[in-house]
Amino acid sequence: MIVIIDYGVGNLFSLKSTFSALGVQAEVSSDKNDLRTADRIILPGVGAFADAANKLRDSGMADAVIAEAKKGKPLLGICLGMQLLFDKSYEYGEHAGLGLIPGAVRPIADRIEQGLKIPHMGWNGLQITQKTPLFRFINNGDHVYFVHSYFADMPDNYVIATADYGGTLTAAVQNGNVYGCQFHPEKSGAVGLNILRAFCETEEKAK
Amino acid sequence: MLTKRIIPCLDVKNGRVVKGVNFQGLGDVASPVELAKFYSDCGADELVFYDITASFEERKLFTDILRETASQVFIPLTVGGGINTVEDFDRVLKSGADKVSVNSGAIRNPSLVEEAAKRYGDQCVVLSADVKRVDGVFRVFAKGGRENTGMEAISWIRDCVARGAGEVVVNSIDTDGVKQGFDLEMLAAVCDAVQVPVIASGGAGSVEDFITLFRSVPGVDAGLAASIFHFGQVAIKDVKQAMLVNGIPARPV
């Protein structure tokens with residue numbers, strides 16, 4: 001069973017529907033105890049980093065996610081959910097994240113050419129930079145759907161894919177059993193479904 | 001590289017797609033769910049559902065259809081039509097919409113854009129503007145293009161973006177339905193004025209019109225059309241093919 005964490009940010013309808021389409025049992029839950037019995041965990045999220053991080057902490061979900069991830073349970077953060085995996089974010093101040101992957105979240109404007117529109121919104125090609133189980137059913141150059149104004153600034157060894165938008169932006173990350181997608185696989189058509197399918201087949205790892 | 005988007009727009013009334021559609025191999029051509037799936041398979045980058053119903057009962061039916069579509073079609077969905085309050089945003093977002101477009105609702109109450117952007121984020125709020133030249137000036141029209149508001153269009157659009165609209169659909173009443181190409185002059189004026197994605201609407205009649213659009217106005221991010229796609233006059237995959245051949249970034253089908 002996959003548990004999609006509901007901590008009061010964003011709409012989980014599409015995400016839940018993708019798993020139904022894949023024939024995988026998934027449940028939306030706001031109960032941190034459900035994370036223990038889950039096979040895999042999805043950390044979604046849209047909106048502001050600080051608000052999401054606070055809600056995750058206040059609900060007790062943050063500690064539960066960290067505990068399960070450290071046990072080796074596969075975890076996938078999506079969009080803001082990916083950004084929350086890092087040490088910290090500089091979105092309107094400086095805020096602590098979950099610290100599951102080294103790095104910091106910074107404004108896209110720091111990285112890309114001037115004059116480009118922000119957010120980086122629309123379909124962009126993935127440049128796969130490392131072999132990963134997450135991309136076993138897709139190809140280099142496949143397009144996925146992005147909507148974001150901040151990006152993960154991090155060591156290359158945890159980056160598994162990038163996207164080119166007047167500069168190189170982190171598109172997907174992995175640290176052992178902890179995965180993250182800056183784009184929305186649940187809105188990326190067949191390619192996105194294939195990424196989620198691959199996540200459902202990843203194995204637990206001891207860290 | 002970020003691709004230019006091709007977006008079909010579906011007008012939905014009483015749970016059915018209005019404007020005739022004629023596709024082979026599509027069992028129920030007026031089913032929004034079937035048509036949405038068909039377009040998604042053909043390479044549409046996004047879909048717009050436009051609710052042209054009025055009554056409460058019909059609105060509920062629209063929301064049901066939206067939910068069914070969103071549970072089967074996994075590309076971004078924008079919903080417009082009858083969006084007048086933050087509660088309307090809430091209703092369609094909970095049913096699976098990713099973005100919500102406001103038109104007359106924003107004209108009646110410009111703070112709607114601000115309130116919605118604050119609650120759901122700028123990326124969620126799309127301003128749709130019906131624009132027509134009156135004595136050489138771009139004017140905003142309300143009520144489906146029937147009523148001249150007297151407002152100058154470029155400053156209206158700029159104002160809404162400042163309030164938090166994260167994307168703008170520019171529908172030129174002058175070129176709409178004529179099928180002689182998009183309104184390049186109007187679109188260039190809007191692109192010069194704002195730093196958010198601009199979607200061109202009104203006037204597409206052929207594959208070449210999309211190529212001309214993206215070549216002539218590089219600031220435009222997407223092209224939207226309805227009847228030419230529905231009637232099969234233009235196939236989305238042909239547009240994509242032509243874009244790639246002409247060096248315009250496109251997501252291949």
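Two helices count as roughly perpendicular when the angle between them falls in the range 65 to 115 degrees. That cut-off is handy for the first stop on this tour of a predicted model. From the helix pair in chain A we move to a four-stranded sheet, and then to a run of parallel strands in chain B.

**A helix pair in chain A**

- Helix α1 (residues 13-22) of chain A packs against helix α6 (residues 189-200) of chain A at an angle of about 75°, and their axes are 10 Å apart.
- With that angle, α1(A) and α6(A) are therefore roughly perpendicular to each other.
- On the α1(A) side, the contact is made by Thr18(A), Ala21(A) and Leu22(A), while α6(A) brings Leu193(A), Leu196(A), Arg197(A) and Cys200(A).
- By type, the residues of this contact of α1(A) with α6(A) are five nonpolar, one polar and one charged.

**An open sheet in chain A**

- Four strands of chain A form an open sheet in the order β6-β5-β7-β11, and the pairing is mixed.
- Why do β6 (95-96) and β11 (150-153) of chain A each have one side without a neighbour in the sheet? Both stand at the edges with a single partner strand, so one side of each is left free of a neighbour there.
- Within this sheet, β5 (residues 86-89) and β7 (residues 101-107) of chain A pair in the parallel sense over three bridges.
- Across that pair, Lys88(A) stands opposite Ala104(A) of β7(A).

**A spot on helix α4 in chain A**

- Asp63(A) sits in helix α4 (residues 61-71) of chain A.
- Asp63(A) counts as partly exposed because it has 14 C-beta neighbours inside 10 Å.
- Asp63(A) and Val24(A) are 39 residues apart in sequence, and their C-alpha atoms are 26 Å apart in space.

**Parallel strands and crossovers in chain B**

- Strand β9 (residues 167-172) of chain B runs parallel to β10(B), joined to it by four bridges; here Asn171(B) has Ser201(B) as its bridge partner.
- Together with helix α7 (residues 184-193) of chain B, β9(B) and β10(B) make a right-handed β-α-β unit.
- β10(B) is also joined by three bridges to strand β11 (residues 222-225) of chain B, again running parallel, and Ile199(B) has Ala222(B) as its bridge partner in β11(B).
- From β10(B) the chain crosses through helix α8 (residues 207-216) of chain B to β11(B), in a right-handed β-α-β crossover.
- In a regular strand, side chains alternate between the two faces of the sheet.
- Along β10 (residues 198-201) of chain B, Val198(B) and Ala200(B) point one way and Ile199(B) and Ser201(B) the other way, and all are buried.

Note on methods:
Residues numbered from 1 in each chain as written. Chains lettered and ligands numbered in written order. Predicted model: local features only at pLDDT ≥ 70, side-chain atom pairs only at ≥ 80, totals over all residues. Pairing = 2+ DSSP bridges. Helix = DSSP H or I, 4+ residues; strand = E, 2+ residues; numbered from the N terminus. Buried ≥ 20, exposed ≤ 12 C-beta atoms within 10 Å, placed from the backbone. Axes fitted to C-alpha atoms, helices over the stretch in contact; angles between N-to-C directions. Parallel < 35°, antiparallel > 145°, perpendicular 65-115°, else oblique. Contact = placed C-beta atoms within 7 Å. Nonpolar A, V, L, I, M, F, W, Y, C, P; charged D, E, K, R; others polar. Right-handed = clockwise from strand over helix to strand, strands pointing away.
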